[in-house]
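The exchange below goes through one structure by question and answer. The sequence and the coordinates come first.

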Amino acid sequence: MTPRILVYGGTFCDTSESRDMVLLWSKVVRGINLDVDVLVIDSVSPFDPRAFLDGNVEVVGFEKNVGHLCRGGQDGAGRTFCEGMLIAAERGYDFVVHWETDLLFARPIRPIIEKMARTGVKVGALSQRYYQFLEWGISFFNVRHMMQSRFVERYCWETAPAVPIPEVRIEQLLADDLFILPFRGMRNDVNEANVANLGGMFPYFVPDYITRATLPLCHEFLRLNGIQVK
């Protein structure tokens, strides 16, 4: 049986740049993944994604923005992470992909999911070289397993502490169910990459993903991967 797949990502578009990033994200997701469903979970953005995303991407929204742990709010990122899992379960999807809207991933989703299904992998995430935690911005989950293991209840974003950070808590909760997938990329949090040097930072492989990057750098990433968007 062909797995049913939902891709989802959260957003808060408060600038024209963040709006343009979400729009680029939607074009990349759709351009290389024609046979999955795509959902954006909005946290009361000033730039409403319903106004600029087309009908190929569904948008649902929270009624309140609860903030971010590192800025003194609640665990907004964790809330979105868990909400996508619940939506996938309620709608009967076999696999769900958490794909943040400020991250570009250049590989098609279905071959990854089908390999996970064949080999019995329940959770797949990517490594990233700048921090020691995993890159959950693009991560893959067997929906039935996530519900049976009560991940959402155990994560409990409403009472999530600031320490350990969500990325570490997720890894701890998933424990031995987690497999690291063989994809390479980077977070550009410290602006070490730019349009001129991105290719040279990956001398043996073309990067599979990039996040926390400017729009020009995102377009250079797409060029290196031979992906064109309109």
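What follows covers the sheets, two helices, the cores and two buried acidic residues.

Reader: What kind of model is this, and what pLDDT do side-chain atom pairs need?
Author: Residues are numbered from 1 along each chain as its sequence is written, and side-chain values use heavy atoms, with hydrogens and water left out. The model is predicted; totals for chains, interfaces and linings use all residues, local features need pLDDT of at least 70, and side-chain atom pairs count only at pLDDT 80 or more.

Reader: In what order do the seven strands of the open sheet stand?
Author: Helices (H or I, at least four residues) and strands (E, at least two) are DSSP runs numbered from the N terminus, and two strands pair if DSSP finds at least two bridges between them. The edge strands, each pairing on one side only, are S3 (58-61) and S8 (178-181). Pairing in this open sheet is mixed, and the order is S3-S2-S1-S4-S7-S6-S8.

Reader: What is the average twist from one strand to the next in the sheet of seven strands?
Author: Axes are lines fitted to C-alpha atoms, for helices over the stretch in contact, and angles run from 0 to 180 degrees between N-to-C directions. For the seven-strand sheet, the twist from one strand to the next averages 25°.

Reader: Which residue in S2 stands opposite leucine 6?
Author: S1 (residues 5-11) and S2 (residues 37-42) pair in the parallel sense, over six bridges. Opposite leucine 6, S2 has aspartate 37.

Reader: In which sense does S6 pair with S8, parallel or antiparallel?
Author: With S7, S6 pairs in the antiparallel sense over three bridges, and glycine 124 stands opposite phenylalanine 140 in S7. With S8, leucine 126 has leucine 181 as its bridge partner. S6 and S8 have four bridges, and the sense is parallel.

Reader: At what angle to S2 does helix H1 run?
Author: Contact here means heavy atoms within 4.5 Å. Helix H1 (residues 16-32) lies across S1, S2 and S4 (95-99), and its angle to S2 is about 160°.

Reader: How far apart are the end C-alpha atoms of H1?
Author: The expected span of a helix is 1.5 Å times one less than its number of residues. For the 17 residues of H1 this gives 24 Å, which agrees with the distance between its end C-alpha atoms, 25 Å.

Reader: What covers the buried residues of H1?
Author: Buried means under 20% relative accessible area, exposed over 50% and partly exposed in between, with a 1.4 Å probe and protein chains only. The buried residues of H1 include Met21, Trp25 and Arg30. Their cover includes S1, S2, S4, S5 (103-105) and helix H8 (215-224).

Reader: Which element gives the most residues to the largest nonpolar core?
Author: A nonpolar core is a set of buried Ala, Val, Leu, Ile, Met, Phe, Trp, Tyr and Cys residues joined through side-chain atoms within 4.5 Å. The largest has 46 residues, and those touching the most other members include Val97, Trp99 and Ile138. With six residues, the element giving the most to this core is H1.

Reader: How many residues does the second core have?
Author: Phe81, Phe151, Val152 and Tyr155 are among the members of this separate core. Its number of residues is 27.

Reader: Which strands stand at the edges of the sheet S5-S10-S9?
Author: The sheet is open, with three strands and mixed pairing. Each edge strand has a single partner strand, so one side of each is left without a neighbour in the sheet; these are S5 and S9 (185-187).

Reader: With which side chain does glutamate 135 make a polar contact?
Author: Glutamate 135 is in S7 (residues 135-142) and is buried, with a relative accessible area of 0%. A polar contact is a pair of N or O atoms within 3.5 Å; within protein, one must be able to donate a hydrogen and the other to accept it, and residues adjacent in sequence count only if both atoms are side-chain atoms. At 2.8 Å, the partner of glutamate 135 is the side chain of arginine 187.

Reader: What is the distance of the polar contact between aspartate 208 and arginine 107?
Author: Aspartate 208 lies in the loop between helix H7 (198-201) and S10. Aspartate 208 is buried, with a relative accessible area of 8%. The polar contact joins its side chain to that of arginine 107, at 2.7 Å.
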